[in-house]
Amino acid sequence: MTTPGERPPLVLAPLVLASASPRRIELLARIGIVPARVAPTDIDETPRRAELPRQLALRLACAKAAAADAPGALILAADTVVGVGRRILGKPADAAEARRFLELLSGRRHQVHTGVALRHPDGRITHRLVSTILAFQRLTDQQVTAYVESGEWQGKAGGYAIQGAAEMFVRFLSGSHSNVVGLPLFETAQLLRGCGWLKP
Ligand SMILES: Cc1cn([C@H]2C[C@H](O)[C@@H](COP(=O)(O)OP(=O)(O)OP(=O)(O)O)O2)c(=O)[nH]c1=O
């Protein structure tokens with residue numbers, strides 16, 4: 001029992017996922033976590049002037065956690081951004097942009113950054129920023145065309161999904177694989193353990 005003024009045990013707070021990404025639900029399920037509810041947000045994801053890819057990922061994750069409508073819950077939010085140097089590749093608006101992104105990624109190293117933010121019932125936000133380095137093989141025109149036609153780029157940062165056919169383009173990966181898919185599981189579990197919601 002809690003006395004007046006004392007916070008209820010966090011472990012009782014329902015976990016709400018502030019994301020419309022089906023990949024994030026699947027990733028959480030892999031570590032046995034089923035959110036009580038999904039409460040996607042609709043925030044403006046436009047980068048600020050001179051904002052770096054990793055800064056954007058963390059800022060948007062925190063903004064999603066702050067914007068979610070779920071009082072009293074423990075709210076988990078994330079944002080994934082692809083960076084080629086200082087350049088930000090978000091979700092392509094159309095097939096032409098997806099093609100431009102793939103041509104840019106062809107034969108180059110890039111980074112995938114995911115910001116993960118946890119809003120506690122008292123409003124505090126704790127967060128992590130995770131970066132994975134990847135390199136794609138040099139892509140032929142035919143490969144780019146076939147991939148764009150597959151439609152797998154839709155709704156994916158950088159215009160590709162490593163969990164699909166695009167994994168065959170990945171020559172090199174250093175860091176977290178789940179981070180690329182949209183939620184780094186090691187760091188997410190650490191955040192949830194850190195607040196006592198997830199048992200060690
Ligand atoms: C690079 C890459 C990204 N993605 C996805 C993960 C994210 O869903 C998406 C990046 O967009 P986000 O804005 O991070 O997420 P979202 O729009 O899907 O959902 P919400 O804003 O409600 O949280 O790209 C993959 O699924 N595979 C990949 O290989």
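Which strands are included in what covers the buried residues of helix 2? The legends below take up that question in a predicted model, and then turn to other close-up views.

**View 1. Helix 2 and the strands that cover it.**
Helix 2, which runs over residues 53–67, has 15 residues and reaches 21 Å from its first C-alpha to its last, close to the 21 Å expected at 1.5 Å a residue. Eleven of these 15 residues are buried, so helix 2 is largely enclosed by the rest of the structure. The buried residues include Pro53, Leu56 and Cys62, and Arg59 and Lys64 also belong to the buried set. What covers them includes strand 3 (74–84), strand 4 (87–89), strand 5 (109–119) and strand 6 (125–136), which answers the opening question.

**View 2. Asp79 in strand 3.**
The UniProt annotation "active site", which comes from an unreviewed entry, covers Asp79, a residue that has its place in strand 3. Is Asp79 buried or exposed? Asp79 counts as buried, because 27 C-beta neighbours lie inside 10 Å and 20 are enough for that label. When its neighbours within four places in sequence are left aside, Asp79 is in contact with Ala57, Leu60, Ala61, Lys64, Thr114 and Gly115. Among these contacts, Ala57, Leu60, Ala61 and Lys64 are also listed with the buried residues of helix 2.

**View 3. The shell around the ligand.**
Of the 22 residues around the ligand, Ser19, Ala20, Ser21, Ile162 and Gly182 come nearest. The elements that give two or more residues to this shell are strand 3 and helix 5 (177–181), and strand 3 gives the most, with three residues. Sorted by the character of their side chains, the residues of the shell divide into ten nonpolar, seven polar and five charged.

**View 4. Ile162 in its loop.**
Ile162, one of the residues that come nearest to the ligand, has its place in the loop between helix 4 (141–150) and strand 7 (170–174). Although Ile162 lies in a loop, this residue is buried, with 21 other C-beta atoms within 10 Å. Residues up to four places away in sequence are not counted when its contacts are listed, and Ile162 then touches Glu167, Val170, Val180 and Val181. Ile162 and Val34 are 128 residues apart in sequence, and from C-alpha to C-alpha they are 23 Å apart in space.

**View 5. Strands 5, 6 and 7 side by side.**
Strand 5 and strand 6 pair in the antiparallel sense over eleven bridges, and in this pairing Ala117 stands opposite His127 of strand 6. These two strands form a hairpin with five residues between them, and Gly123 in the turn has a positive phi of about 95°. Strand 6 also pairs with strand 7 in the antiparallel sense, here over four bridges, and Phe136 stands opposite Val170 in strand 7. Val170 is also one of the residues that Ile162 touches, which links this view to the one before.

**View 6. Ala50 ahead of helix 2.**
Ala50 lies in the loop between strand 2 (37–38) and helix 2. Phi of Ala50 is near 65°, a positive value in a residue other than glycine. Most residues other than glycine have a negative phi. Ala50 is exposed, with 7 other C-beta atoms within 10 Å, whereas Asp79 in the second view counts as buried.

How values were computed. Residues numbered from 1 in each chain as written. Predicted model: local features only at pLDDT ≥ 70, side-chain atom pairs only at ≥ 80, totals over all residues. Expected span 1.5 Å × (residues − 1). Buried ≥ 20, exposed ≤ 12 C-beta atoms within 10 Å, placed from the backbone. Contact = placed C-beta atoms within 7 Å. Near = placed C-beta within 6 Å. Nonpolar A, V, L, I, M, F, W, Y, C, P; charged D, E, K, R; others polar. UniProt positions renumbered as here; feature names shortened; annotations may be inferred. Pairing = 2+ DSSP bridges.
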